[in-house]
Amino acid sequence: MSKLNFLKINGVELKSNLKFQTFLGLAAVLFLFRIFFYSADSLFWVIINELLVGLTFVSLYFYLLDLIHSKIVDPLALVMNVGIINALIFFLFTFSSVILGSLISKAESSNINHSLLYNLISFVFSMFILASAATIFLAFRELYFYRQKKNVSTYFNTMIVFFALASLSSFLSHDLKYLKDTFFIISVLLILINSIRISWIAFIVKKEKISLLVLSVIISILFFVNLVKSSNDNLYVQMLTAFSPSLNLFLKIVMTYGAIYFSILFFTTLFHIPTAEAFDRKAQEVNFLQYFSKLITESVDFKELTETVTDIAVKVCNAHASWIAWKEDDSFKSIANKHIGYYDSINLTKFIFENRLEKGSEQSFIIKLKRYLNRPQLSEEIYYLAAAPLKAHNEVKGYLIAARKSDIIFDDEDRNAMDTFSDYASVAIENSRLVEESIEKERLEKELDVAREIQRKILPAKNPEYKNLSISSVFIPAFEVGGDYYDFFEIDKSKFGFVIADVSGKGISAAFIMAEIKGIFESLSKTIESPKDILIKANEILERTLDRKSFVSAAYGVMDLVKETVTISRAGHCPVILIRNNIVENLRPSGIGLGLNFSEQFVNSLEEIEIKLHNNDVIVLYTDGITEAKNKELEDFGSAHFEKILVDNSGCDTDEISNRVMHEVSVFSQSHAQHDDITLVILKWKQKFNNDGEKEWQNSAPQLKTQVM
Amino acid sequence: MAEFSTSVKDAGDVNIIYLKGYLDAHTAPILENTFSNLVDSGRYSLVVNFRDLSYISSAGLGVFMAFIEKIRENNGDIKLSAMNDKVFNIFDLLGFPLLYEIYKEEDEAINKFSQIKKLENGK
């Protein structure tokens, strides 16, 4: 891309250079021609002379055109250039009589070939006029086309044709003089028509208009003076006419053009001055709104956006300060303060919206602060406030407020501007809030994904299998991970440990505690046999890491496959259910939840119970996700319901029992979202008749294979 | 969505906090706020009335744990009262009766505070 640009620039330069060289070449040819061939007596040589001058002019014109177009056109700069060149011509005309006269007389008095010197002087002088005329003409051309929306080149090109015709007919004999005059008059008429196209002055700001007014007076006077001077029969006019009558006439035409153009420019600018301020303001408003619409699509940061809103509000409403009164719950807070202290804005916001009718206004309004009692408390004098509502979904979310520190009231114009702008701002602010909300939601969902992933990895992948103990487990996570945990441990060849726990709270924090709990139980189960001692130790370890708000309910049990007993201890968890001969028994040894107390009280509270296992005993571990599952009326599934299903199905195998429970729970709570994890572990004891205590592991989870030392 | 709200009554040296609705992980910050306002203004003798509370989750229970230490350090206490059976069962399962005084009626809890006060004055 940059390389291409570079080439392009080079291309332009090459072309420009070529044009400049052509111009130099033609000028050199013209100069030599004047010395060696030119004779004013022969019409042939005169025509050749005019053609050469014309070609030189054209080549310079195109070179200058390239030069101007390589820069950004600024009408005021063009006007300045015209003025400077005009001033140069003026000085030349004023002092040339003296300088040229003395030069020529010196040349005549000396021995040098005075014809050569004269030629040189007249050539340099004429070339200067040629270049000046070309530049001024080009400037007019640029001003003519500047900010033109329609294609208006026909008028201008027609004018150029008549300029050329008038100029070239200037050397005609006196008999045909009327032809030259006709062309000249038509040219002047076309100049008048084309000089009206000066709509560009509407687009410049007031300050520039004023400077343009001054400039146009000076420049039009210069043009008039130069026009008069170039029409007199002076030494320099004689010299120029002798060099080329066409150039002389062209200079006159350009001077006429300038005199007319700048006179019209002066009056038009004069008439534009009174409306300049209003125009500037509208233009500024449009600019701000454009800038702001661009910003809406680029920026979604709420703070940045509100800062910009108040910043622009100050300018759009010609205010001194601005802030946004943002509705939060039922009160307003002040944000994005511009040029106003925080306490001032808070006080004024209170004044506007407390005990006043404007509280819910959907229209903009203006407030005089003269009667505001707490005015002396403000750190600055503030006379007027204008407020416009910021709405989203037809609800007022806040107000954009502008303040004036001078005694000039906000008028309808200011209020309209404020209304328009607050509409724009409402859309932008609502957009940014929506985007922020969705980002936050996405972040939370990501976080929950992580939590669920942790939980999934922590829970056992498979249930261990024994010859006379069948095990089933079901775990259904809630959307906001609930912190349920269960696990199985092989203690030694004849002992099997199990645990169920529920971490308080939800989400990622619960998931992390769960991971910690798993680590604690896994290591303790290998070294400590008594469930009570394991829970005591676990509580001790948790004291170091749990925050005060968090706790864990847990039940830990050990099954002795040889002695056919189960030992259970419970720390705040739901009771362990035993179903024997269709009778439910809630095993509820006392015990405080882990993390609730770290003193002797915890140790003392813990009980441990041992139960002799009977054939077909069913042991059920669960978390409150089952009993607290809710239906549409927000009623709990309940313990009684749960126990009934267990009893009714206690004759089935463990998978069947848990299927029945889960089915009933899902039917019960189908119209209410699951808000907590659900865990259900069912163990069923099958009496062995050749009681050798042998166990068989099939497809056991990896951790179950590790032997205890 | 289930709602939750608290209100606080000033009864001399004791403040009574009334809970209403569903106290879970989402509404727990409301209760936390109520507690920290009371504790920050030096109110350490607190009675919580559970009469209108329909549900409490583990996160709700955690709120009581968060403040009890500081309150007891300042010779205050949180006493719980007027729980329905369901809510009491949740507290009971976790062993809260060992850690907190739980009363059937709000008045009993308030009286307990004034008895202690009398004892202290008697010294």
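This is a short tour of a predicted model, going from chain A as a whole to its sheets and then to some ring contacts.

**Stop 1: all of chain A**

Select chain A and zoom out. Colour by secondary structure and you'll be looking at 18 helices and 15 strands. How spread out is the chain? Its radius of gyration is 49 Å, well over the 27 Å from the globule rule for 709 residues, so chain A is more spread out than a compact globule. Along the principal axes, the C-alpha atoms fill a box of roughly 150 × 70 × 45 Å. Even so, 48% of the 709 residues come out as buried. If you like contact maps, take the contacts between residues at least 6 apart in sequence: 72% of them join residues at least 24 apart.

**Stop 2: the sheet that starts with β7**

Now pick out β7, β8, β9, β10 and β13 of chain A, which in that order make an open, antiparallel sheet of five strands. Which strands stand at the edges? Residues 484-492 (β7) and 608-612 (β13) do; each has a single partner strand, so one side of each is left without a neighbour in the sheet. Neighbouring strands here are turned by 15 degrees against each other on average, ignoring direction.

Stay at the β7 edge and add residues 495-503 of chain A, which are β8: the two strands pair in the antiparallel sense over eight bridges. To see one spot up close, show Asp487(A) and look opposite, where you'll find Val499(A) of β8(A).

**Stop 3: the sheet with helices on it**

Next, select β6, β15, β14, β11 and β12 of chain A. Taken in that order they form another open sheet of five strands, with antiparallel pairing. The edges this time are β6 (469-476) and β12 (583-587), and because each has a single partner strand, one side of each is without a neighbour in the sheet. From one strand to the next, the twist averages 15 degrees.

Inside this sheet, highlight 618-622 (β14) and 678-685 (β15) of chain A; five bridges hold this antiparallel pair. Ile619(A) has Leu683(A) in β15(A) as its bridge partner.

Then bring in the helices. Residues 639-648 of chain A are α17, lying across β11 (576-580), β12, β14 and β15 and running at about 35 degrees to β11(A). Residues 654-668 of chain A are α18, which packs on the sheet and touches β6, β14 and β15; its direction makes about 150 degrees with that of β15(A).

**Stop 4: the rings**

Switch to side chains. Over all chains, a search of the whole structure turns up 49 aromatic pairs. Start with Phe140(A) and Phe262(A), a tilted pair at 6.1 Å centre to centre with 55 degrees between the planes. Why is this pair worth a click? Phe140(A) is in α4 (residues 114-145) and Phe262(A) in α9 (residues 245-298), so the pair ties together parts 122 residues apart in sequence. Both phenylalanines, Phe140(A) and Phe262(A), are buried.

Hop over to chain B for an edge-to-face pair: Phe91(B) and Phe96(B), 5.1 Å centre to centre and 85 degrees between the planes. Are Phe91(B) and Phe96(B) buried or exposed? Both are buried.

**Stop 5: charges over rings**

While in chain B, select Lys79(B) and Phe113(B): the charged end of the lysine sits over the ring, 4.6 Å from its centre. Finish back in chain A with Arg433(A), whose charged end sits over the ring of Phe302(A), 5.0 Å from the ring centre.

Technical notes. Residues numbered from 1 in each chain as written. Chains lettered and ligands numbered in written order. Predicted model: local features only at pLDDT ≥ 70, side-chain atom pairs only at ≥ 80, totals over all residues. Heavy atoms only, no water. Pairing = 2+ DSSP bridges. Helix = DSSP H or I, 4+ residues; strand = E, 2+ residues; numbered from the N terminus. Axes fitted to C-alpha atoms, helices over the stretch in contact; angles between N-to-C directions. Phe/Tyr/Trp six-rings, centres within 6.5 Å; stacked < 30°, edge-to-face > 60°. Buried < 20%, exposed > 50% of the residue type's maximum accessible area, 1.4 Å probe, protein only. Lys NZ or Arg CZ within 6 Å of the ring centre and 35° of its normal. Rg over C-alpha atoms; globule rule 2.2 N^0.38 Å. Contact = heavy atoms within 4.5 Å.
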